[in-house]
Amino acid sequence: MADEFGAGITIGKVSVKDLHTFEEAELRTFGVAKQSHRDDYHLFFFQEEGTISIEIDFQKHQIKPSSVIYIHPSQVHRIIAFENVTVSFWTINNENLHPEYLKLLEDIAPAKPLSLKKETFFLISETVSLCLKFSERKQEKLYHSLLKDSCNTLVALVASQYLGQARSTNKFSRHEIIAKAFRSALEDDFMIVKRPAAYAKKLNISTPYLNECVRNITGHPVSHHIQQRIILEAKRLLYYSGRSVKEIAYELGYDDHAYFSRLFTKVAGMTPLTFRNKNAD
């Protein structure tokens, strides 16, 4: 699998009885253990048997049989525990991911575990088995292409299931369309754009109307979402990186780290250092 990941793609299947066993497997496969981290690739777990407890962006989830979960590269995560697990997994970096699928995955994130219908579960299971066979055929002249295309097929299958849970865009109200556009713009620009008026200008609408749309759909004003997104990123950096609060503040667009610390405390209910110490592995 190290050879496959060197090419930006990994696919595998493991059966383990406890966390210690999985840590050893994960160390061999990815070079990481149960410590909180985030990756530079898109990660998918396809749960066949048993239960995995996983923490993603400070939220705990259980992945049960006949389900799948997608983890975006930006998300901090760690395995907490699991029990008698058989799980297939695959990873793919942006370079090897079909551009259309990359856009779809951006829309899906953050994702929760998704329970699969019986026929869909068997289809993905059969596709995984075929992809695993491709991954073993290193003698093939087009080995990387086989691996890349088969993994993208799995990504498409999973993305399709997530999209199937969402309503068709043509059924969205005007407020929903604008709120969705705002969330997309926020994800792209939260490090540099901090004012609601700037997002309204990007969307060619007035600030009061943007606030009306976002509040109507989410229950919170635009400023709330801007602050929440900034603090989520700050939590991620505090959680898995060794950077100082001052360095994190600067990375998130704040020259005044004291102001940033006050904002963090207001939103998170504790200081940045308290949060880091509380969540230390």
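Helix packing and the terms behind it

User: Why are helix 4 and helix 5 called roughly antiparallel to each other?

Analyst: The model is predicted: local features need pLDDT (the predictor's confidence in each residue, from 0 to 100) of at least 70, side-chain atom pairs count only at pLDDT 80 or more, and totals for chains, interfaces and linings use all residues. Residues are numbered from 1 along each chain as its sequence is written, and side-chain values use heavy atoms, with hydrogens and water left out. Helix 4 (residues 118-136) and helix 5 (residues 143-164) pack at an angle of about 165° with their axes 9 Å apart, where axes are lines fitted to C-alpha atoms, for helices over the stretch in contact, and angles run from 0 to 180 degrees between N-to-C directions. Angles under 35 degrees count as roughly parallel, over 145 as roughly antiparallel, 65 to 115 as roughly perpendicular and the rest as oblique, and helix 4 and helix 5 are therefore roughly antiparallel.

User: What makes the contact of helix 4 with helix 5, and how do its residues divide by class?

Analyst: Among the residues that meet (heavy atoms within 4.5 Å) are L123, I124 and V128 of helix 4 and L146, L147 and L154 of helix 5. The contact divides into twelve nonpolar, six polar and no charged residues, with Ala, Val, Leu, Ile, Met, Phe, Trp, Tyr, Cys and Pro counted as nonpolar, Asp, Glu, Lys and Arg as charged, and the others, Gly among them, as polar.

User: How do you know that helix 9 is roughly perpendicular to helix 11?

Analyst: Helix 9 (residues 222-240) and helix 11 (residues 257-268) pack at an angle of about 100°, with their axes 10 Å apart, and that angle makes helix 9 roughly perpendicular to helix 11. Residues including I230, I231 and L238 in helix 9 meet residues including F260, L263 and F264 in helix 11, and the contact divides into nine nonpolar, two polar and two charged residues.

User: What makes the contact of helix 3 with helix 5?

Analyst: Helix 3 (residues 99-108) and helix 5 pack at an angle of about 40°, with their axes 10 Å apart. Y101, L104, L105 and I108 of helix 3 meet N152, V155, A156, A159, Y162 and L163 of helix 5, and by class this contact has nine nonpolar, one polar and no charged residues.

User: Why is the pair E55 and R78 called a salt bridge?

Analyst: A salt bridge is a side-chain nitrogen of Lys or Arg within 4 Å of a carboxyl oxygen of Asp or Glu, and the side chains of E55 and R78 meet at 3.2 Å, N to O. E55 lies in strand 2 (residues 42-56) and R78 in strand 5 (residues 77-92), so the pair ties together parts that are 23 residues apart in sequence. The structure holds eleven salt bridges.

User: Where is confidence lowest in the protein chain, and where is it highest?

Analyst: The mean pLDDT of the protein chain is 86, and 89% of its residues reach 70 or more. Confidence is lowest in helix 2 (residues 19-30), at a mean of 51, and highest in helix 7 (residues 196-202), at 95. Over residues 27-33 pLDDT stays under 50. Where pLDDT is low, the predicted coordinates should not be read in detail.

Terms used
Helices (H or I, at least four residues) and strands (E, at least two) are DSSP runs, numbered from the N terminus.
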